[in-house]
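Hi everyone, thanks for coming. Today I'd like to walk you through a structure, piece by piece, at a pace that suits anyone new to this.

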Amino acid sequence: MTTNFFYIKAESEKRKNRRAKRKQKELNLKRTAIKKQNKKRRLQTTVETLRNGRKIHKVIIPIGDSISLFHDSDNVMRIVNLLNRFSLPKGLQRHLELDMSLVRIVDIGALSLLLAKVNEITKSRKVIISGNFPLDDNARDYIEKSGFLDYMIDLTGRKFERHSDNFLVRIGDKKTDNENVGYLIKKCMKVITGIESHYPPVFSIIQEMSGNSVEHANIDNKNWLLGVNFQRNELGEIEEVLFTMVDVGFGILNTINRKWSTLIYEGLRLTSKTDILFRAFERKYGSSTEEINRNRGLPLIKTISEKKQIIELKVITNNVFLDFENTGESKVLRKGLPGTFYCWKINKECIETWNKKTI
Amino acid sequence: MEQKNYLRVLDFTEYPGPRYCEQGNNSGEEFYHKKLNLEFKNALENNIKLTVDLDKTAGYASSFLDEAFGNLVFDFSLEKVKNNIEIISNEEKDWITMIFDMVMPDWEKRRNENKPPKKTQTHEAWYRFIGNTIECRKWL
C-alpha cells in the first residue's frame, strides 16, 4: 500500500512538474512575443534640420500590424496616447510620422478616431503629421476607400483621388451642423432605398451625440467626426450603411453626475464600469450641468437601438466598450479613449421598421 | 375652445438643431423665442388651443424639444400649457409622451424652484404669465 502510495504521488508530482514547465514555456513564449511586438513598436526620434536652418523634432510612431478599434482597441489607444504625448508644445516643433507599413487589419472606427485626433492636434498645436501606406494590399485598399485620404495631401501637395462613395466628415466645429447631417442622411437613404428622404432616428441620434459633444467638449478643440461606410454584399450591392461618430472630448463617464450615495452604493456592490455606462443610457444618473431636465439623449439612443431602427450599436467611451445587442461582449478596456466612439448600422429592414411605425 | 392656432416646426426649419443658440443654428432656444412664445401667447389671449406640428422635419434632438417646450412651461406654467396646447407627431409618437410626461413636469419643478433657463443670446422682449396677466419684457 505504502509503495503504491509513493508511486502514485511521484506520478502526480511528475505531472505537476510537467504542467508547470508547460506553463512556464507558454509564459516565456508570450513574453518573447510581447518583447518582439514592443521592439516593432519602439519609437524612433531624430532631430532634423530644415532647408531654412530651422530644427524639427521628428518622431516615427510605428502603428504595428493592426489598427482596429474592435480587434485591438488597446493598440489604437496606445497610438492616440502617443499622439497626445508628442504633440505637447515642448521644445522644438514636432513632426509625427505614422508608420503604417506593417498594418494588415484596419477598421473604420480606428481610422475615424485617428483622423479626429489628427484634426484636433494639428488645429491647436504646431505639429506636422504624416504617414505612409500599408504594404498589405487589402489594408491599403481599405484606407483608400474609407474617405480618410480626403483630409490628406500627397508628397507633391496634391489631394488624393477618391476611390469610393464612403466618407468621413467633420460635422461642425464649435456648433452642430444640422443641415449637413440632414443632407448626408438623405444621401444614404437614396443609396439604400433609391429615394432621397429623411430618416429621423439617425438624425436624432447624431444630433444627440454632437449636442453632447458641443456641451461637454473642451472649448478650444471641439471636434467630432461622422463616418459613413457603405457595406456591400457578395454581389457588390450596397446592403447596409455603417455610421461612425467620434467625439474627442471627456467621454460619457466623465460627464455624468453620480450622487455620493450612488457612488457609495455602487462601490459596495462593486458595480462594474460597463454597468455604470449602461445605467447612464437608462437615465439613472444626473448630468454634470446638475439641471433636472437633462440627460434624455443617451436613453433616446438606446431606445432607437431597441426598436431596431438602427442595428449593431456599439459605444466605446473612456475605458468601456458597450455592445447593445450582445451585452456579454461589453468589457472594460485596458487603456482609455479620450472621448466617445459610436458605431451603428442601418439597412432596409430598419427603414421598414420605422415606416411601419409611422403608418 | 374649438378654434385652433397652427404652428409647424417645418415652417421654422427642416433641420432642427441643438438646445441653445450658441450650440448651433435653429436651436430649441431660437424656436421658442422666434415662434413658440408669441404663438402660444396669441392662442392664450384668444382662448384657443395652439397645435404644434412636429412632423416632416429631418428629426429632433431631445434637447431641442426640451428647451422649447420647457421654456414655455417656465413662462406660462404647466397648467396653462397643458390646457392650451396640442402636439402632433405622427412620425414619432414618443415625442408627445416625452414632452407631456417628462419635459413639462421637470420644467414646472424648475419654475417652482425659480431656476430660470439659460439664455445664450440676447432676445427681444418675450411674454410671460405673471399673476393673472401676460407681460412682455426682457426677463433675463
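**A walk through chains A and B**

Let's start with chain A: of its 359 residues, 37% count as buried. Please keep in mind that what you see is a predicted model. The secondary structure of chain A adds up to 10 helices and 13 strands. Now take the contacts in chain A between residues at least 6 apart in sequence: 67% of them join residues at least 24 apart.

Let's look at some of those strands. Find the open sheet in chain A made of four strands, in the order β1-β2-β4-β6, with mixed pairing. Which strands stand at the edges? They are β1 (44-49) and β6 (127-131) of chain A; each has a single partner strand, so one side of each is left without a neighbour in the sheet. From one strand to the next, the twist averages 25 degrees.

Inside that sheet, zoom in on one pair. Strand β4 of chain A, residues 93-99, runs parallel to β6(A), and five bridges link them. If you want a spot to click on, try A:His95, whose bridge partner in β6(A) is A:Ile128. A little background for the newcomers: strands of a sheet pair through backbone hydrogen bonds, either parallel or antiparallel.

For the antiparallel sense, move along chain A to strand β7 (residues 167-170) and strand β8 (residues 224-232), which pair that way over four bridges. Here A:Leu168 has A:Gly227 in β8(A) as its bridge partner. On to another partner of β8(A): how many bridges join β8(A) to strand β9 (residues 238-247) of chain A? There are nine, and these two strands run antiparallel. In β9(A), you'll find A:Asp247 opposite A:Trp224. The hairpin of β8(A) and β9(A) has five residues between the strands, and A:Gly236 takes a positive phi near 85 degrees there.

While we're on positive phi, here are some residues that are not glycine. A:Glu312 has a positive phi of about 55 degrees, and this residue lies in strand β12 (residues 311-323) of chain A. Is A:Glu312 buried or exposed? The answer sits in the middle: A:Glu312 is partly exposed, because it has 16 other C-beta atoms within 10 Å, and being buried takes 20 or more.

In chain B, look for B:Lys56, where phi is also positive, near 75 degrees. B:Lys56 belongs to the loop between β2 (49-53) and α3 of chain B. With 14 C-beta neighbours inside 10 Å, B:Lys56 counts as partly exposed.

Now compare that with a loop residue that is tucked away. B:Ser27 sits in the loop between α1 (9-12) and α2 (28-45) of chain B. B:Ser27 has 29 other C-beta atoms within 10 Å, so it is buried. Which residues does B:Ser27 touch, leaving out those up to four places away in sequence? They are B:Gly17, B:Pro18, B:Arg19, B:Tyr20, B:Cys21 and B:Phe64. Here is a distance to try on your own screen: B:Ser27 and B:Leu65 are 38 residues apart in sequence, yet 9.2 Å apart in space, C-alpha to C-alpha.

Next, my pick for a helix to rotate on screen. Helix α5 of chain B, residues 94-112, has 19 residues and spans 26 Å from its first C-alpha to its last, close to the 27 Å expected. Follow the helix along and you reach a kink of about 30 degrees at B:Val103, shortly before the proline B:Pro105. The buried residues in α5(B) are B:Trp95, B:Met98, B:Ile99, B:Val103, B:Met104 and B:Trp107. As a reminder, an α-helix has 3.6 residues a turn, so residues three or four places apart point the same way. What do the buried residues of α5(B) pack against? They pack against α3 (62-76), α4 (78-84) and β3 (85-88) of chain B. After α5(B) comes B:Asn114, with a positive phi near 55 degrees.

Finally, let's see where the chains meet. The contact takes 22 residues from chain A and 26 residues from chain B. On the side of chain A that touches chain B, α5 (178-193), α6 (200-216) and α9 (297-306) of chain A each supply at least two residues. The most comes from α6(A), with eight residues. By class, that side of chain A has six nonpolar, 11 polar and five charged residues.

That's my tour; thanks for listening!

Notes
Residues are numbered from 1 along each chain as its sequence is written. Chains are lettered from A and ligands numbered from 1 in the order in which they are written. This is a predicted model: local features need pLDDT of at least 70, side-chain atom pairs count only at pLDDT 80 or more; totals for chains, interfaces and linings use all residues. The expected span of a helix is 1.5 Å times one less than its number of residues. The bend at a residue is the angle between axes fitted to the seven residues ending there and the seven starting there. A residue is buried if 20 or more other C-beta atoms lie within 10 Å of its own, exposed if 12 or fewer, and partly exposed in between; C-beta atoms are placed from the backbone. Two residues are in contact if their C-beta atoms, placed from the backbone, lie within 7 Å. Two strands pair if DSSP finds at least two bridges between them. Ala, Val, Leu, Ile, Met, Phe, Trp, Tyr, Cys and Pro count as nonpolar, Asp, Glu, Lys and Arg as charged, and the others, Gly among them, as polar. Axes are lines fitted to C-alpha atoms, for helices over the stretch in contact, and angles run from 0 to 180 degrees between N-to-C directions.
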